[in-house]
Amino acid sequence: MKKIIFIIFTVFGFNSIFAQVQQNIYELNSMENLLTEDIKEILDINLIDKKVVFLGEAEHHIGSDFLAKTEFIKYLVLEKGYKDIAFEADFFGLYFDHSKINLYSFWSRSIQCKELFEFLKEHNVTIWGFDNQMGSGYTWTNFTNKLTEFLKDNSVNFEEDFIETTEIYIKNRKKANKVLDKSSLEYLINEVEKLLKNDTVIKNELWSQFLKSYKSDIIINSTDKSSKKAIPIRDSQMAKNLDFLIKTMPEKKFIVWLANAHMAKYEYDFMKGQTMGSQFVNMNPDISYHIAISSIHMPYRKAKWIEKSSNDKENLLHFLPSTEKNYFIDSKQIISKSPEYAEKEFEGMFNLEKNKTNWFKHFDALVFISKGEKVKYPK
């Protein structure tokens, strides 16, 4: 009898979950005109007083995610007045040079982002960056000179060895611990720490932020190569850099372009116990809306695997009416009506790998694109 009751309770319990989620799943249009009027109405309500909209992608090599994000950006710019976009890209370089050439090539050169950058240019949307990784061409050419200029103009004492070592580091970031010995890298970090304690530097919020970001980049590329240590350092600094942009430009509304993994609203083991999104939310409660995007059918995924996933009650694909269409799941509404769903765990996001967690809590909306494609470049 107890077994029968348990089975009935289990079946009823899942059916209840299924029904609750189903009520908040909306079919999207084809990619060329993705957002329906129903979705726009949901967004209109959820974006009231939101200064920041996060748009995630499963991985940086999935071009179909870029196409979907572009459709959301058109709506945000044309109908909601967002005129600034911050990429998971070089904070320093893009602060001075708002050009797509300072972004990673999987965005700046991809065929799937061509329309995006044409649209941003046409509608005067400014490109920014918040990543502490100082890999842009602008930074490679200008960081040392601009740092030297700032220190001299403000009569801040520095050693020539510091500037020379900085130049070597900036030109060799990814192989810093091969080009510079351990003592030189420690010297760099110590000198930056001294500058951050200087009263003149402290009063200059912009250069204080640049130097903090620079310090974290040195640590990641020289002394903490393991992802277990590097990811939390990077995510923490990215959150602080984005917070700086938001706080110093309070009149602006930002779209934030990044990977799903970085923008989760709560701490999550996938990102080694720390995410940029969670820290940003802690610093800026209630000002952001987080949309995660994943593509389903990819060239490297077998149809049988997708079918198996959609039949799995512990996979988000199971909730979709079909894997052959595009869908929007209103996570925020699901947990608003039934808070207990925030703690229910499922697989099925990021790159649709075995990442079981409480997706409804981490993101305000989940978007599934049926026909996925890898990033493509002009021949």
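**Exercise 1.** Is Asp217 buried or exposed, judging by its relative accessible area? Then find its salt-bridge partner and place both residues in the fold.

*Solution.* Keep in mind that this is a predicted model.
- Step 1: The cut-off for buried is under 20% relative accessible area. Asp217 has a value of 1%, so Asp217 is buried.
- Step 2: The side chain of Asp217 meets that of Arg173 in a salt bridge, at 2.8 Å from N to O.
- Step 3: Asp217 belongs to helix H12 (residues 205–223), while Arg173 sits in the loop between H8 and helix H9 (176–179); the two are 44 residues apart, and the pair links distant parts of the chain.
- Step 4: Arg173 also counts as buried, at 8% relative accessibility.

**Exercise 2.** Work through the salt bridge between Glu193 and Lys215, and state how each partner is exposed.

*Solution.*
- Step 1: The N to O distance in this salt bridge is 3.0 Å.
- Step 2: Glu193 lies in helix H10 (residues 182–196) and Lys215 in helix H12, 22 residues apart.
- Step 3: Glu193 is partly exposed at 28%, and Lys215 is partly exposed at 22%.

**Exercise 3.** Now try the pair Asp84 and Lys252: which parts of the chain does their salt bridge link?

*Solution.*
- Step 1: Their side chains meet at 3.7 Å, N to O.
- Step 2: Asp84 is in strand E3 (residues 84–90), and Lys252 is in the loop between helix H13 (227–248) and strand E5 (254–259), 168 residues apart.
- Step 3: Asp84 is buried, with a relative accessible area of 3%, whereas Lys252 is partly exposed at 22%.
- Step 4: For context, the structure holds 19 salt bridges.

**Exercise 4.** Describe the surroundings of strand E8 (residues 365–371).

*Solution.*
- Step 1: Look at the cover: 6 of the 7 residues of E8 are buried.
- Step 2: Strand E6 (residues 288–297) pairs with E8 in the parallel sense over 6 bridges; here Ile291 stands opposite Ala365.
- Step 3: Strand E7 (residues 327–329) pairs with E8 in the antiparallel sense over 3 bridges, and Phe328 has Val367 as its bridge partner in E8.

**Exercise 5.** How many residues of helix H15 (residues 276–283) are buried, and where does the surface carry a patch of negative charge?

*Solution.*
- Step 1: In H15, 6 of the 8 residues are buried, so this helix is largely enclosed by the rest of the structure. Among the buried ones are Met276, Phe280 and Val281.
- Step 2: The negative patch on the surface gathers Glu159, Glu160, Asp161 and Glu164.
- Step 3: Glu164 lies in helix H8 (residues 160–171) and is partly exposed, at 49%.

Technical notes: Residues are numbered from 1 along each chain as its sequence is written. This is a predicted model: local features need pLDDT of at least 70, side-chain atom pairs count only at pLDDT 80 or more; totals for chains, interfaces and linings use all residues. Side-chain values use heavy atoms; hydrogens and water are left out. Buried means under 20% relative accessible area, exposed over 50%, partly exposed in between (1.4 Å probe, protein chains only). Helices (H or I, at least four residues) and strands (E, at least two) are DSSP runs, numbered from the N terminus. Patches are made of residues with over 30% relative accessible area and no salt bridge: like charges are joined within 9 Å, nonpolar side chains (Val, Leu, Ile, Met, Phe, Trp, Tyr) within 5 Å. Accessible areas come from the Shrake-Rupley method with a 1.4 Å probe; for residues, only the protein chains shown count as cover. A salt bridge is a side-chain nitrogen of Lys or Arg within 4 Å of a carboxyl oxygen of Asp or Glu. Lys and Arg count as positive and Asp and Glu as negative; His and the chain ends are not counted. The place of a charge is taken as NZ of Lys, CZ of Arg, CG of Asp or CD of Glu. Two strands pair if DSSP finds at least two bridges between them.
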